[in-house]
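Work through the exercises below with the sequence and the model open. Try each task before reading its solution.

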Amino acid sequence: MVLMRIQRTQERIDKKRKEDMLMREQLEVQKRKLWEDEEEEKRRIQEEEQAKMKAKAKEIDCEREESTLKEKIKKEEALIANKFAVQQEKNIAVRRCFYGQWLTKE
């Protein structure tokens, strides 16, 4: 009788140990899953930040390139305007010369 009680108590203890072991294993699995999720989230956030930084760098490069192109355009426009002004002065000089010759012929 006492042996049976001891045996049943031992079985309950063993059953409780098994349950505790299963709970610990489940908790370990949950902790590992949470850790993996956190690591995945950190990696995703880092990738997003890198993508934002790359986009910002590209935007800055585009702005610089645009600024450089605008400067080149202004220089080209100034050069063209200067060439036009020089050509106008030459045309005026030629007209004066011809006008002067025309006046001296008469």
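**Exercise 1. Find what share of the 106 residues is buried.**

Start with the cut-offs. Buried means under 20% relative accessible area, exposed means over 50%, and partly exposed lies in between (1.4 Å probe, protein chains only). Now apply them. Buried residues make up 0% of the 106 residues in the protein.

Note the ground rules too. This is a predicted model, in which local features need pLDDT of at least 70 and side-chain atom pairs count only at pLDDT 80 or more, while totals for chains, interfaces and linings use all residues. Residues are numbered from 1 along each chain as its sequence is written, and side-chain values use heavy atoms, with hydrogens and water left out.

**Exercise 2. Describe the fold and its dimensions.**

Step 1: count the elements. The protein has 1 helix and 0 strands. Helices (H or I, at least four residues) and strands (E, at least two) are DSSP runs, numbered from the N terminus. Helix 1 covers residues 2-105.

Step 2: take the spans. Along the principal axes, the C-alpha trace extends about 155 × 10 × 5 Å.

Step 3: compare with a globule. The radius of gyration is 45 Å, but a compact globule of 106 residues would have one near 13 Å. That radius is taken over C-alpha atoms, and the globule rule is 2.2 Å times the number of residues to the power 0.38.

Step 4: check one pair. Glutamine 30 lies in helix 1. Its C-alpha atom is 94 Å from that of valine 94, 64 residues further along the chain. Glutamine 30 is partly exposed because its relative accessibility is 48%.

**Exercise 3. Characterise the surface.**

Step 1: take the total. The accessible surface comes to about 10900 Å², and carbon and sulfur atoms account for 58% of it. Areas come from the Shrake-Rupley method with a 1.4 Å probe; for residues, only the protein chains shown count as cover.

Step 2: locate a nonpolar patch. Met1, Val2, Leu3 and Ile6 make one of about 510 Å². Patches are made of residues with over 30% relative accessible area and no salt bridge; like charges are joined within 9 Å, nonpolar side chains (Val, Leu, Ile, Met, Phe, Trp, Tyr) within 5 Å.

Step 3: look at one member. Isoleucine 6 sits in helix 1. At a relative accessible area of 49%, isoleucine 6 is partly exposed.

**Exercise 4. How many salt bridges does the structure hold, and which residues form a network?**

Step 1: define and count. A salt bridge is a side-chain nitrogen of Lys or Arg within 4 Å of a carboxyl oxygen of Asp or Glu. The structure holds 10.

Step 2: start at arginine 43. Its side chain meets glutamate 40 at 2.3 Å, N to O. The two are 3 residues apart in helix 1, about one turn. Arginine 43 also bridges to glutamate 47 at 3.1 Å. Here the gap is about one helical turn, because the partners are 4 residues apart in helix 1.

Step 3: check exposure. Arginine 43 is partly exposed at 40%, as are glutamate 40 at 41% and glutamate 47 at 43%.

Step 4: add another bridge. Glutamate 48 and arginine 44 meet at 2.4 Å, N to O. Glutamate 48 is partly exposed at 38%, and arginine 44 is partly exposed at 33%. They are 4 residues apart in helix 1, so about one helical turn separates them.

Step 5: join shared partners. Glu40, Arg43 and Glu47 form one network.
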